[in-house]
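Reader: I'm new to this one and would like to go through it slowly. Could you show it to me, and let me ask where the labels come from?

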Amino acid sequence: MSPSAERASVSRLADRAGARWQEHAPVSFGETSVAATWTPSDADEVAHALAASAELGAAVLPRGAGTQADCGNLPERADCFLSSAALETIDALDASEGVCHAGAGTPLARLQAAAVEAGWELPLEDAGRGSSLGGVLATARLTPRAQGFGRVRNVVLGLEIAHANGTVTRCGGRVVKNVTGYDLAKLYLGSLGSLGVLCGAWLRLRPKPQRVVRLESDPGTETASRAVDWARRASVRACAVREGATKAGAAIELAGDAASVAADRDALIAEGLQEAEDVDLFAHPAADGHLEFQLSFLPTRWPALAAHLRDLSVGYCAWPGLGVLSVQFDADAERAFALAGEAAAIAEGRWRCETPSLAGERDVFGATDAESALGRALKAQFDPAGVLNPGRMAGRL
Amino acid sequence: MASAPDASSRSALIPALEAVVGRERCLSTPEELLVYECDGLTSHVATPTAVVFPETTEEVQALVRACRTAGVPFVPRGAGTGLSGGALASDDAVVVECSRMQAIRHIDVENRIAVVEPGVVNADLSVAAKPHGLFYAPDPSSQLACTLGGNVAENSGGPHTLKYGTTTDHVLALELVLPDGACITLGDASGLAPGFDWVGAVVGSEGTLGIVTAMTVRLEPIPERVETLLAIFDDVVSACRAVGRIIESGLVPAALEIVDQRTIRAVEDSVYAAGLPRDAGAILIVELDGPDVALDAQIAEVQTHCRADGAERVEVARDETERTQFWRARKGAFGAMGRLAPDLYVHDAVVPRTALPEVLAKVCEIGDRYGLTLSNVFHAGDGNLHPNISFDRRDPDEMARVIAAGEAILRTCVEAGGVITGEHGVGSEKSDYISLVFGEADLDAMQKLRSVFDPERVCNPGKIFPTTRFCAESNPKARGYDRVPFG
Ligand SMILES: Cc1cc2nc3c(=O)[nH]c(=O)nc-3n(C[C@H](O)[C@H](O)[C@H](O)COP(=O)(O)OP(=O)(O)OC[C@H]3O[C@@H](n4cnc5c(N)ncnc54)[C@H](O)[C@@H]3O)c2cc1C
Ligand SMILES: Cc1cc2nc3c(=O)[nH]c(=O)nc-3n(C[C@H](O)[C@H](O)[C@H](O)COP(=O)(O)OP(=O)(O)OC[C@H]3O[C@@H](n4cnc5c(N)ncnc54)[C@H](O)[C@@H]3O)c2cc1C
């Protein structure tokens, strides 16, 4: 679309949105930038906004709290943000059932606090980022406590989604066991808003642990190899191991019934770990200008992978219980992508670039296999006009 | 649907199938086909055009292409234990039975994964993994017969779903022959495959998106210790309350199963007799597993909770023999029902766990209202009901009452916030009832996924989606959607 046509469609979107349209300083994504936000107030309005955008051919970037606004590939086109800010509700929190329903714009921290107050725990985490529920589900990112919590896909029971054809649909339900129809929720989770906008979700809570203990190890390279065994102890909820210039060592969180936690705590202390008030389970934030990658690895490939990264003298933070690590390469994009590919081959795993603005023209998912042919067909079914986060998903869908 | 095949392409089909698998692995005479006219749901029958038994992925591909050329649809099938008519040969389909694809290709002990073919019987994988201290967690009660391919298609659960989750939580990658004959791999063992969660979408799609020809699954370490408790209650409502108390206390048992009085009596009258008190109102089986140090406290807690709800006796199995005996009452229940009447209709619906007492009362009332013998055995911790109706198919009036009561039960469950199937699938049995749960737009979204894999609807036609749609007026849930998110 030509720039003038684009401007025309943006002004017509503004007309359609009325009071729910706000212009602001431009936010840039590579070559494109966005200077307006549409904030519908319920799922039907989200669907209307999408239908209007599809009609005008305007590209929409769904947005939660914006903490990972440029995750995935950079969008190819962008006319406005579609914010979930007005979808902030906790509609149901059933303390005897252990399930809850909330709107996509609800800050995860607020939902987490409500669950704890009801005697449960929400098995999703945002590490104090201020993420929205919708953003966490749309990215379905692996975070360290996924070892104990399970992945995002295990937590979501049902979803409401607004589509580019102007409809709102539901999938799944509110009960924990359900094989009624296709399990479409799996497709929407982690789809980075490319198929529809998540408006609300039923989530499964888990019992609050009787006891939580955090431990850390002294820095040392030996830690890295032993941590794989530590991570497999029954009550380990998260385990992070780091090697690098500024920090090294392991951080472990135990959670669960008091007896199992006590037993694992004693065993780990006998191995030389110490109890700690607080431990950092997350990777260090990417240093400016460094390309960051997430790599998966098979547990048996860990020694070879760790040795390889040590030889390259690059720092990493690994979650051996999940078989994932994040690593930064201080190199130009071409070399960094090549290094990621080499490391993944050693790991018998996959890589994904987490710093899209530095990736240039490359697909940050490194994807283009049979799956992206299916992906294209899926995208064409759900978003034929290509208005939802165009280009962002793997395979530049 | 695919365009109607002309007679000549259809008559060329059998030789084309035989060219792929040989005569001995292609059944096509009326007598041979008789066995395959239904699965575990005997009330729905259809005669297939042929039944073929591929042994390799390439053979599956060639068979699918032959069906396409002839314009005849095809239906994947495992052991045929499905209870919702999922493997029914609708539209004169060819049945592609995967039971001969039985290799456990690889068990990777260190990485705790296995690569298996779809015809592997569920229980056989755990047997193979056992020497390595591992097991495959999803354990449908039919696990001695059903196949892993069928489990993937139905997203099967079982008694231990409460703690370990259903099949979808254990499958990492799938090899799938698409309805156009191409073969693709979805997902991978790393869990970081780029793009959409295709494995998640295919698991539970009831054989309508393609034929699974191999899968990579996760294996779990065998728990250090397992304890099984049996609590005896005066009535089923007290047993349900105890379940609520256990879950609210923060315990996560491996299983929480309830067997009601009618079932207890049927079991005690049968070869599965487990020495249960015949006058008990209900029994609750609680299984706890995990690290040795954790279990003593948990056993004591479960006993306290059960007694608080009036359990007269709470026994802990003293040894493996007694443990097996407790489970026999649960697992033998379906078999024991065979004594009550020639046929058994095993329903499968889910309600929020807290609604169990109220819904069970309504379900029993429905049974009485229709003059039927109804008994309950169910996964209480998941709210997954199995109301079983004993009947005689030869009595058309009784058959009609069974169908009507079944619909009334499903409506009751949906009204309580539940769904029409928790583990057996929609199949052909409930395709007209799916509209109780999902509206037109929701079903259209599912059809969009179908179109990605099977635009011509040649793979397992007639399943999941309504053939006649309920009108919105007769659908109380559909009207409530805009007010309450899913009821
Ligand atoms: C690269 C990366 C690194 C991360 N690192 C960490 C970490 O270290 N610790 C941690 O706890 N978490 C981490 N996460 C998870 C992260 O916290 C959440 O994914 C993220 O913050 C989402 O919340 P948000 O509301 O800010 O989403 P946003 O940043 O607003 O959006 C993120 C993506 O989701 C889409 N989206 C947002 N809302 C919706 C919606 N309602 N419907 C459809 N699509 C929507 C957006 O279009 C965008 O593609 C990471 C995620 C990514 C992608
Ligand atoms: C006594 C009894 C107890 C049961 N208990 C449980 C239980 O506890 N939990 C539970 O979930 N189920 C249970 N079931 C139902 C049934 O056993 C399961 O649904 C099982 O997964 C079916 O496996 P199967 O190999 O028999 O599949 P089939 O019945 O042959 O087929 C079932 C479905 O899977 C599809 N399919 C089969 N193979 C493939 C393949 N390779 N690729 C693609 N699609 C395929 C078919 O098209 C069909 O739609 C029980 C059944 C019985 C009879």
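Reader: Which residue follows helix 4 of chain B, and what is its phi like?

Author: That's B:G71, and its phi is positive, near 70°. Keep in mind as we go that this is a predicted model.

Reader: How many residues does helix 4 of chain B have, and how does its reach compare with what's expected?

Author: Helix 4 covers residues 57-70 of chain B, which is 14 residues. From the first C-alpha to the last, helix 4 reaches 20 Å, close to the 20 Å expected at 1.5 Å a residue.

Reader: Which residues of helix 4 of chain B are buried?

Author: Quite a list: B:T57, B:E59, B:V60, B:Q61, B:L63, B:V64, B:A66, B:C67 and B:A70. As background, an α-helix has 3.6 residues a turn, so residues three or four places apart point the same way.

Reader: B:E59 is on that list. What makes its contact with B:R25 a salt bridge?

Author: The side chains of B:R25 and B:E59 meet at 2.8 Å, N to O. The cut-off is within 4 Å, so the pair counts as a salt bridge. B:R25 sits in the loop between helix 2 (13-21) and strand 1 (26-27) of chain B, while B:E59 is in helix 4, 34 residues apart. Both B:R25 and B:E59 are buried.

Reader: Why is B:K430 called buried?

Author: Buried means under 20% relative accessible area. B:K430 has 1% relative accessibility, so B:K430 counts as buried. You'll find B:K430 in the loop between helix 15 (396-415) and helix 16 (440-453) of chain B. B:K430 and B:S84 are 346 residues apart in sequence, yet 7.2 Å apart in space, C-alpha to C-alpha.

Reader: And B:T412, why is that one called buried?

Author: B:T412 has 12% relative accessibility, and the limit is under 20%, so the label for B:T412 is buried. B:T412 is in helix 15 of chain B. In space B:T412 is 9.7 Å from B:L360, C-alpha to C-alpha, with their positions 52 residues apart in sequence.

Reader: How do you know whether B:D234 is buried or exposed?

Author: Exposed means over 50%. B:D234 has a relative accessible area of 53%, so B:D234 is exposed. B:D234 lies in the loop between strand 12 (225-233) and helix 9 (236-248) of chain B. Together with B:D235, B:D279 and B:E312, B:D234 forms a negative surface patch.

Reader: What makes that patch negative?

Author: Asp and Glu count as negative. The members are B:D234, B:D235, B:D279 and B:E312, so the patch is called negative.

Reader: Let's go to chain A. How do you know that A:E45 and A:R20 form a salt bridge?

Author: Their side chains come to 2.9 Å, N to O, and the cut-off is within 4 Å, so the label fits. A:E45 lies in helix 2 (residues 43-56) of chain A and A:R20 in the loop between helix 1 (3-17) and strand 1 (21-29), so the pair ties together parts that are 25 residues apart in sequence.

Reader: Why is A:E45 called partly exposed?

Author: Partly exposed runs between the buried limit of 20% and the exposed limit of 50%. A:E45 has 22%, so A:E45 is partly exposed. At 34%, A:R20 counts as partly exposed too.

Reader: How many salt bridges does the structure hold over all chains?

Author: There are 48 over all chains.

Notes. Residues numbered from 1 in each chain as written. Chains lettered and ligands numbered in written order. Predicted model: local features only at pLDDT ≥ 70, side-chain atom pairs only at ≥ 80, totals over all residues. Heavy atoms only, no water. Patch = residues over 30% accessible without salt bridge, like charges linked within 9 Å, V, L, I, M, F, W, Y side chains within 5 Å. Areas by Shrake-Rupley, 256 points an atom, 1.4 Å probe, with all protein chains shown as cover. Charge placed at Lys NZ, Arg CZ, Asp CG, Glu CD. Helix = DSSP H or I, 4+ residues; strand = E, 2+ residues; numbered from the N terminus. Buried < 20%, exposed > 50% of the residue type's maximum accessible area, 1.4 Å probe, protein only. Expected span 1.5 Å × (residues − 1).
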